[in-house]
Amino acid sequence: MAKAAIMGYGTVGSGVYEILKKNAAKIGAAADEDIELKYILDIREFDNHPEKYLFTKDVNDIIKDDEVSVVAEVMGGLHPAYEFTKELLSAGKSVVTSNKELVATYGSELLEIAEKHNVNYMFEASVGGGIPIIRPLNRCLAANNIIRIAGILNGTTNYILYQMITNDKSFDEALKDAQANGYAERNPAADIEGHDACRKIAILSSLAWGKEVDYTNIGTEGIVNITLEDVRYAASVGSVIKLIGYAEQLENGKIYAHVAPMLIKRDCLLSDIDDVYNGIMVTGDSVGDVMFYGAGAGKLPTASAVVADMIDSVIHKARRSLIGWAKTDEDICAGVDGKKFRYFMRTSDTAENAGKVFGDIELVKSLAEGETAFITGELTASEAADKAKELSGMISSIRIFA
């Protein structure tokens with residue numbers, strides 16, 4: 001029988017507990033041995049919990065207990081999750097996590113410690129919540145050279161854009177609706193400014209191409225400047241706007257990555273990912289486009305991925321599961337100008353001036369008096385920004401997904 005612990009008894013932690021209890025027989029069969037919960041670490045009191053004897057406030061109870069072989073870290077944040085995880089791995093215990101911030105920031109180091117001590121550090125739940133993506137990338141698609149990853153990686157922003165697209169709500173109205181429904185935090189900056197999606201695409205990029213991609217080197221834009229007018233223009237050209245985490249390996253071997261709103265044509269698989277759902281499209285050189293779709297967050301979807309990693313860790317207790325990437329001093333990021341895109345732009349300048357500045361453009365029927373809308377040729381981010389400065393009254397600039 002394998003002994004386990006949970007660190008953090010919030011939304012996800014309580015979900016892990018619930019699944020371990022209600023699906024104990026199924027989990028035991030999948031792991032080829034029962035998994036028994038021995039500790040739950042949390043600083044709060046849970047006097048009314050049916051198994052209150054499981055709770056401890058001292059992480060050393062878990063670290064020093066040789067019976068415990070796998071720990072679910074679902075505390076969130078960097079500290080003390082980082083310090084606790086290091087100590088647990090060094091003590092010969094496998095750790096599984098849903099903590100994307102921790103994986104994106106310290107993943108390389110923690111993977112090295114896990115390898116040194118022949119244990120597992122696993123993070124399926126850190127990217128897609130309940131959507132299986134880490135294992136498919138690492139195993140099912142292992143015969144492919146991954147060309148590109150593009151995904152809707154944040155349910156909060158997708159919900160906001162969905163409300164703007166389908167219910168004609170302004171950004172502020174849609175955000176308040178998301179907060180009222182529990183989809184957005186009181187301080188939604190990590191979501192609406194793109195930081196959450198940035199960490200996730202960094203993890204996926206590192207895994208896909210085997211070398212650490214530092215999320216601080218990824219150009220990141222949120223959706224705070226997207227207006228109803230942008231949404232309506234997108235619809236007029238058969239598109240929708242989605243916040244996309246994008247990564248591609250270029251011919252020179254470097255990784256181009258960004259997080260930004262993009263116009264998605266209606267015939268693209270990503271255009272139909274609505275509401276709070278996430279969708280990740282992976283392009284392999286042999287398999288082509290593969291889509292992973294589902295609930296990207298939530299108590300039980302995320303907890304199910306955490307428990308799946310616990311099962312995998314128990315199965316691979318003798319020989320660690322090879323999931324991860326190498327830390328490198330090589331600068332593998334292509335930078336913000338590593339790839340060119342077409343752009344949809346709106347300006348109060350004339351179509352004539354837009355054509356002079358940008359050259360061959362495709363005009364889009366204006367939806368507002370005194371406004372020019374157009375689509376550019378392929379440009380780097382810097383080229384697009386520099387040319388836009390030459391126009392008077394620039395309103396918006398959005399990349400086009402192709």
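This report walks through a predicted model of a protein, from its overall build down to single residues.

## The big picture

Let's start with the whole chain. The protein has 402 residues, and its secondary structure comes to 15 helices and 16 strands. Lay a box along the principal axes, and the C-alpha atoms fill roughly 75 × 45 × 35 Å.

How does the radius of gyration fit with a compact globule? For 402 residues, such a globule would come out near 21 Å, and the protein has 23 Å, which agrees.

## Inside and outside

Buried residues make up 54% of the protein. As for the outside, the protein exposes about 17,400 Å², and carbon and sulfur atoms supply 48% of that area.

Now for the contacts. Take those with a separation of 6 or more: 73% of them are between residues 24 or more positions apart.

Charge comes next. There are 41 positive and 59 negative side chains in the protein. Work out the centre of each set, and the two centres lie 2 Å apart.

## A helix under cover

Helix α11 runs through residues 195-209, which gives it 15 residues. From its first C-alpha to its last it reaches 21 Å, close to the 21 Å expected at 1.5 Å a residue.

Is α11 mostly covered or mostly uncovered? Mostly covered: 14 of its 15 residues are buried. Right after α11 comes G210, with a positive phi near 75 degrees.

## Backbone oddities

Here's a handy bit of background: most residues other than glycine have a negative phi, and most peptide bonds are trans. With that in mind, look at the bond joining H79 and P80. This peptide bond is cis, with omega at about 10 degrees. You'll find P80 in the loop between β4 (68-73) and α4 (81-90).

Two aspartates are worth a look for their phi angles. D32 isn't a glycine, yet its phi is positive, at about 70 degrees. D32 is in the loop between α2 (24-31) and β2 (35-41). With a relative accessibility of 70%, D32 is over the 50% cut-off, so it counts as exposed.

The other one is D168, again a residue other than glycine with a positive phi, this time near 55 degrees. Its place is the loop between α8 (155-167) and α9 (171-180). D168 has a relative accessible area of 44%, which falls between the 20% and 50% cut-offs, so it is partly exposed.

## Two buried residues around α4

F84 is in helix α4. Its relative accessible area is 17%, and buried means under 20%, so F84 is buried. Which residues does F84 touch, leaving aside its neighbours within four places in sequence? They are M7, L41, V59 and M75. One of these, V59, is 25 residues away from F84 along the chain, but their C-alpha atoms are separated by 7.4 Å.

V74 is in the loop between β4 and α4. At 11% relative accessible area, V74 is buried too. Setting aside neighbours within four places in sequence, V74 is in contact with I6, M7, G8, V12, G13, S98 and V306. M7 turns up in the contacts of F84 and in those of V74. For a pair that is apart in space, try V74 and I218: they are 144 residues apart in sequence, and their C-alpha atoms are 25 Å apart.

## Either side of β7

A143 is in the loop between α7 (134-140) and β7 (146-152). Buried or exposed? A143 is exposed, with a relative accessible area of 72%. Along the chain, A143 and S108 are 35 residues apart, and their C-alpha atoms are separated by 23 Å.

N154 is in the loop between β7 and α8. Its relative accessibility is 4%, so N154 counts as buried. Beyond the neighbours within four places in sequence, N154 is in contact with D191, D196 and N278. One of these partners, D196, belongs to the stretch 195-209 that forms α11.

How far apart in space are N154 and G296, C-alpha to C-alpha? The distance is 7.1 Å, although the two are 142 residues apart in sequence.

Note on methods
Residues are numbered from 1 along each chain as its sequence is written. This is a predicted model: local features need pLDDT of at least 70, side-chain atom pairs count only at pLDDT 80 or more; totals for chains, interfaces and linings use all residues. Side-chain values use heavy atoms; hydrogens and water are left out. Helices (H or I, at least four residues) and strands (E, at least two) are DSSP runs, numbered from the N terminus. The radius of gyration is taken over C-alpha atoms; the globule rule is 2.2 Å times the number of residues to the power 0.38. Buried means under 20% relative accessible area, exposed over 50%, partly exposed in between (1.4 Å probe, protein chains only). Contact means heavy atoms within 4.5 Å. Accessible areas come from the Shrake-Rupley method with a 1.4 Å probe; for residues, only the protein chains shown count as cover. Lys and Arg count as positive and Asp and Glu as negative; His and the chain ends are not counted. The place of a charge is taken as NZ of Lys, CZ of Arg, CG of Asp or CD of Glu. The expected span of a helix is 1.5 Å times one less than its number of residues.
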